[in-house]
Amino acid sequence: MRYLPLLLLLCLTPAIAQQQEQQPQGQADVPVEQYIRKGWSSLTRSITDCATVHDPKLSGPSVVYVPHGYTIPASLAALRTKCNVRVERLPRVIAKEGDLMPSELKSPGLLYLPHRYVVPGGRFNEMYGWDSYFILLGLLAEGREPLAQGIVENFFFEIENYGAILNANRTYYLTRSQPPFLSRMVDEVYKSINKRDPDAAKAWLDKSMPYLERDHALWTSDAHKAGDTGLARYFDLGSGPVPEMEDDSTYYVDVIKWLLAHPETKTSYLTQSKEGQACASGASAVCANTEYQGWRLTPAFYRSDRAMRESGFDVSFRFGPFSGSTTDYAPVCLNALLYRYEADLAGFYTRLGDDTKAKQWTDAAEARKGAINRYLWDARTGNFTDYDFVHHRRSTYLYATAAYPLWAGLATRAQAASTVRRLRALEHEGGLAMSTTTSGMQWDAPFGWAPANWIAVDGMSCYGYAAAASRISHGFMHSIRENYERDGTLREKYNVADPQKDVEVAAGYKSNVIGFGWTNAAYLKMNGLLFAGRSSDCATTIPARAAR
């Protein structure tokens, strides 16, 4: 189903942020590669720098939290006077996600990490889960192995001390994770270390295994089970509106207005009963804007809104308007990632000489592949899609994540061929759009993003579709260069249907942030792919005759 642009229906004024932050501004005669090279340093954060603690998304005091019982390093304690920052310990040990709810803390704050890391840019001034995978690819492409390894070891620290890999290292993210790329990050760093010191690489891989297994276990927990399908879903253990929307605090009112303007779109997202009240009126800038003309959003909508943010695809109409039914779906992206994760674990244990563990994870991967083929492969349309396990039906919403099974190496040759043909509907002059639906949301048409474009290109390349991979790479790199030549920056997203146009988003995150970590990385990787002709990171599970 296509939705008319929310931009026109709500008559909202687009807000395109002109953030002139620490990211360097390029010039027409400076190559994009040089801009990217300088950009890594400006996006790198150390927990002992005052700029690291600042949260552009929230107002209020700056606080850094360390794990319960953790010895506060002298350099961190110095922030109290150096930056007027509070440094506090968390009130108790966190063994798993949900053990400490953000509402139990007096003030939101930054969670301590021991190593330097790279932030995406702009309002995203912390270390993010899935952003970091793409950033890491860019860092390793430029030989910055220590920084890349430190990012991975920060994730180990999060698992050990904060219960999971978090959406990002802020306390309001303690209830959710992000798409699981840790096994890919470990493999990339392992291969880099292995080139110079095989023994050190093997020891580091052995050290990584308990963290990988704990991270994977999050996605098979009861909260993340997609019914009895054997598949996983996105889920956030919190409730109510998310606090990080303070800098766009009209979002939930915008949702209500749209739903009221479209009664023909049947949802259960609205209520006039007090049961729908998300939080005490005025409790925060976000909570103060959760009611419109007596209407509120239901607790179920907020659960899906939070789950959507765990997916990273916030916001689209992929799982209903504003993805308000996210928790009802087993998404193809998540389950393809978990298949690759399980195949990676099998491969890692083989390298370490543990055949029993290797077989255990091979069996898990095969079981997931069977469930993906049963529920997520649509033979009628010839592509992978999401499955609504509550209503027992496949989604008809064409989305760029249909390419994930190629990247993961689980598609058959016939499935890959059909998927590549179907994805032509998303191709534009400037690369691959997220969908064919113009909803006004940033993760729908006509917008294209680095992670989706790179995963599609990488997967197509590995299955032998060099022409398609080259076409999309050239297109997306054209979008990046077109913007760069116009204003000397790289951005988080692009209008791939018309790269000369600004990105105008109707609701949600309306800015187009300067930085930008994963865009930098995708440009470097695509450029490298065009020179090499084929990806260097193809899954070993790809059918032997798939590449041609």
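Which residues does Thr327 touch, not counting residues up to four places away in sequence? That is where this note on a predicted model starts.

1. **Thr327.** The contacts are Arg233, Tyr234, Phe235, Arg303, Ser304, Ala307 and Phe389. Thr327 itself sits in the loop between helix H11 (299–311) and strand S9 (329–330). With Ser304 there is also a polar contact, side chain to side chain, of 3.1 Å. The relative accessible area of Thr327 is 10%, so it falls under the 20% cut-off and is buried.

2. **Odd backbone in that loop.** The loop between H11 and S9 has some geometry you may want to look at. Val315 is placed there, and the peptide bond leading from Asp314 to Val315 is cis, with omega near 20°. Phe322 belongs to the loop between H11 and S9 too, and its phi is near 60°, positive although the residue is something other than glycine. Ser323, also in the loop between H11 and S9, is not a glycine either and has a positive phi of about 55°. Are these two residues buried or exposed? Phe322 is buried at 0% relative accessibility, and Ser323 is buried at 1%.

3. **The other cis bond.** Ala445 and Pro446 are joined by a cis peptide bond with omega about 5°. Pro446 is in the loop between strand S15 (431–432) and strand S16 (447–449).

4. **Helix H16.** This helix covers residues 450–462. Its 13 residues should span 18 Å at 1.5 Å a residue, and the end C-alpha atoms are indeed 18 Å apart, so expectation and model agree. As for cover, 13 of its 13 residues are buried. Gly464, just after H16, takes a positive phi of about 90°.

5. **Ile372.** Here we are in helix H13 (residues 355–375). Ile372 is buried, with 1% relative accessibility. Leaving aside neighbours within four places in sequence, its contacts are Leu231, Asn335, Ala336, Tyr339, Trp377, Phe384 and Leu410. Tyr349 is another matter: from Ile372 it is 23 residues away in sequence and 24 Å away in space, C-alpha to C-alpha.

6. **Salt bridges between helices.** Searching the whole structure gives 36 salt bridges. Side chains of opposite charge can pair when their charged atoms come close. One of the bridges links Glu153 and Lys207, at 3.3 Å from N to O. Glu153 is in helix H7 (residues 145–162) and Lys207 in helix H9 (residues 198–218), so the pair ties together parts 54 residues apart in sequence. Glu153 counts as buried at 15% relative accessibility, while Lys207 counts as partly exposed at 40%. H9 also takes part in a bridge to H13: Lys357 pairs with Glu213, and their closest N and O atoms are 3.1 Å apart. Lys357 is in H13 and Glu213 in H9, so this pair ties together parts 144 residues apart in sequence. Lys357 is partly exposed, at 25% relative accessible area.

7. **A network and a local pair.** Salt bridges with shared partners join Arg184, Asp187, Glu188, Lys191, Arg340, Asp344 and Arg351 into one network. Asp99 has a salt bridge with Lys96, with 3.0 Å between the closest N and O atoms. The relative accessible area of Asp99 is 22%, so it counts as partly exposed.

8. **Sheet S6-S8-S7.** This is an open sheet of three strands, in that order, with antiparallel pairing. Why is one side of S6 and of S7 left without a neighbour in the sheet? Strand S6 (270–271) and strand S7 (291–292) are at the edges and each has a single partner strand, so one side of each stays free of a sheet neighbour. S7 pairs with strand S8 (residues 295–297) over two bridges, in the antiparallel sense, and Glu291 stands opposite Arg296 in S8. Helix H10 (residues 251–261) lies across S6, S7 and S8, at about 115° to S8.

9. **Sheet S9-S12-S13.** Three strands in this order make another open sheet, again antiparallel. The edge strands are S9 and S13 (393–394), each with a single partner strand, so each has one side without a neighbour in the sheet. Strand S12 (residues 387–388) runs antiparallel to S13 and is joined to it by two bridges. Tyr387 stands opposite Arg394 in S13.

How values were computed: Residues numbered from 1 in each chain as written. Predicted model: local features only at pLDDT ≥ 70, side-chain atom pairs only at ≥ 80, totals over all residues. Heavy atoms only, no water. Helix = DSSP H or I, 4+ residues; strand = E, 2+ residues; numbered from the N terminus. Buried < 20%, exposed > 50% of the residue type's maximum accessible area, 1.4 Å probe, protein only. Polar contact = N/O pair within 3.5 Å; in protein donor to acceptor, adjacent residues only side chain to side chain. Contact = heavy atoms within 4.5 Å. Salt bridge = Lys/Arg side-chain N within 4 Å of Asp/Glu carboxyl O. Pairing = 2+ DSSP bridges. Axes fitted to C-alpha atoms, helices over the stretch in contact; angles between N-to-C directions. Expected span 1.5 Å × (residues − 1).
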